[in-house]
Amino acid sequence: MRYSKNRKIAAASAGLILCMALKPLPVYAEEGNVLPAAGVASVLETTLSTEEYIELAQQAEGAAWGYTNIGIANVESGNLNVRESPSTDGKMVGKMPKDSACEVLEVADGWAHIKSGEVEGYVNTDYLLVGPDAKLKANEIVRTVVVVKGDGLNVREQPDTESAILTQVASGEEMDYLETLDGWIKVAVDADEAYVSAEYVTVEEKLDTAITMTELLYGQGVSDVRVDLVEYAKQFVGNRYVWGGTSLTKGADCSGFVLSVFKKYGISLPHHAASQAGYGTKITAGDLQPGDLIFYGNSRGSINHVAIYIGGGQVVHASNERTGIKISNYKYRSPVKYVRILQD
């Protein structure tokens, strides 16, 4: 069955055709054959002849989100390994979280040579969407973010310079975009909704990219239990945020994520960030070791978020429903307390 003219027009008006832009894609079609779908629900699941597909793809040809040949990590959970050479024996140079994007430089013998953020290497094509399916998936998952232009940006509870400051955010850090108001941008900071002055930020569309091995390292002289806890926590990057949840695979909120990670190591914590802050020993930023907890709050000192320090100036945390479990700079917003739970 072929697409009718009316169905072509409907698809174009819905913006689907714009998602299919790529250079010629011989891996998807042979002359005269019908193209199958490949890994993501799309217009390709409705039979489309080779000629029609090529015509529509060429109409939409061009770069999108800064990529000319986009690929999307297609893993059920966790991360797609990026290796130095096209082999399972190749040295690990980074990891692509689920649904993160890359530029596909070349594909050969089941491996794709990719560049994603600061990571360049090879990934197994069994776990990578390419071609029109990657474009369609990217269109589905792309996020609108607010990027801070200056250090110490005040994030306020209301769109008013007299409103209380929820936190401060450093230059270059990102927050999820919610809405544009008169001179203000409504943003999500972890699970809170807040406001920033439009003068000091830019609004951009973004796809997540690979995590470098440096971001995944925990540092030197760290005890085995801390190394193990941090590695255990990081394997859930990319999984869902669920308010009130404690499942590392099906969804957790910030304190539920911390609770469940520490539970594996025989440590019982309450399911509330402010309550967790009362456990263990208070430390300073200079004392931080992987496995310690960092708490965040508002200008009044009320704690409303918790993350696990993983070394190298990074934390892993369940941020919000839009971004799930992720790795961030530990100063992505102003910390209010540092706590040591592991006494080793």
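1. A convenient place to begin is K331, which is partly exposed, with a relative accessible area of 48%; because the partly exposed class runs from 20% up to 50%, this value falls inside it. K331 sits in the loop between β22 and β23 (335–340). Along the chain K331 and I294 are 37 residues apart, while in space their C-alpha atoms are 9.8 Å apart.

2. The reader should keep in mind that this is a predicted model. The mean pLDDT of the chain is 82, and 79% of the residues reach 70 or more. Over residues 1–46, however, pLDDT stays under 50, although the model has 89 contacts beyond four places in sequence for this stretch.

3. Turning to the interior, the largest nonpolar core has 31 residues, and those with the most contacts inside it are F257, V261, F262, L293, I308 and V316. Two or more residues of this core are given by each of α5 (224–234), α6 (254–263), β19 (293–297), β20 (303–311), β21 and β22. The largest share, five residues, comes from α6.

4. How many of the ten residues of α6 are buried? Nine of them are, so this helix is largely enclosed by the rest of the structure. The buried residues are C254, S255, G256, F257, V258, L259, S260, V261 and F262, and F257, V261 and F262 are also listed among the core residues with the most contacts inside the core.

5. L293 offers a closer view of how separate parts of the sequence meet. Once its neighbours within four places in sequence are set aside, L293 is in contact with V258, F262, V306, A307, I308, K337, Y338, V339 and I341. Among these partners, V258 and F262 are buried residues of α6, and I308, like L293, is one of the residues with the most contacts inside the core.

6. The largest pocket has a volume of about 1300 Å³. Its lining is made up of 48 residues, of which R143, K206, D208, T323 and K326 lie nearest the centre of the pocket. By class, the lining has 15 nonpolar, 16 polar and 17 charged residues.

7. Which strands supply at least two residues each to the lining of the largest pocket? They are β8 (143–148), β11 (174–180), β12 (184–189), β15 (211–212), β21 (314–318) and β22 (325–329). The largest share of this lining, five residues, comes from β22. Both β21 and β22 also give two or more residues to the largest nonpolar core, and β22 is one of the strands flanking the loop where K331 is found.

Definitions and conventions. Residues are numbered from 1 along each chain as its sequence is written. This is a predicted model: local features need pLDDT of at least 70, side-chain atom pairs count only at pLDDT 80 or more; totals for chains, interfaces and linings use all residues. Side-chain values use heavy atoms; hydrogens and water are left out. On a 1 Å grid over the protein atoms alone, a cavity is a set of points where a 1.4 Å probe fits but cannot get out, and a pocket is an open set with protein on both sides within 12 Å along at least five of seven lines; lining residues have an atom within 4 Å of a point. Grid points are joined across faces, edges and corners, and a volume is the space filled by probe spheres set on the points. Helices (H or I, at least four residues) and strands (E, at least two) are DSSP runs, numbered from the N terminus. Ala, Val, Leu, Ile, Met, Phe, Trp, Tyr, Cys and Pro count as nonpolar, Asp, Glu, Lys and Arg as charged, and the others, Gly among them, as polar. A nonpolar core is a set of buried Ala, Val, Leu, Ile, Met, Phe, Trp, Tyr and Cys residues joined through side-chain atoms within 4.5 Å. Buried means under 20% relative accessible area, exposed over 50%, partly exposed in between (1.4 Å probe, protein chains only). Contact means heavy atoms within 4.5 Å. pLDDT is the predictor's confidence in each residue, from 0 to 100.
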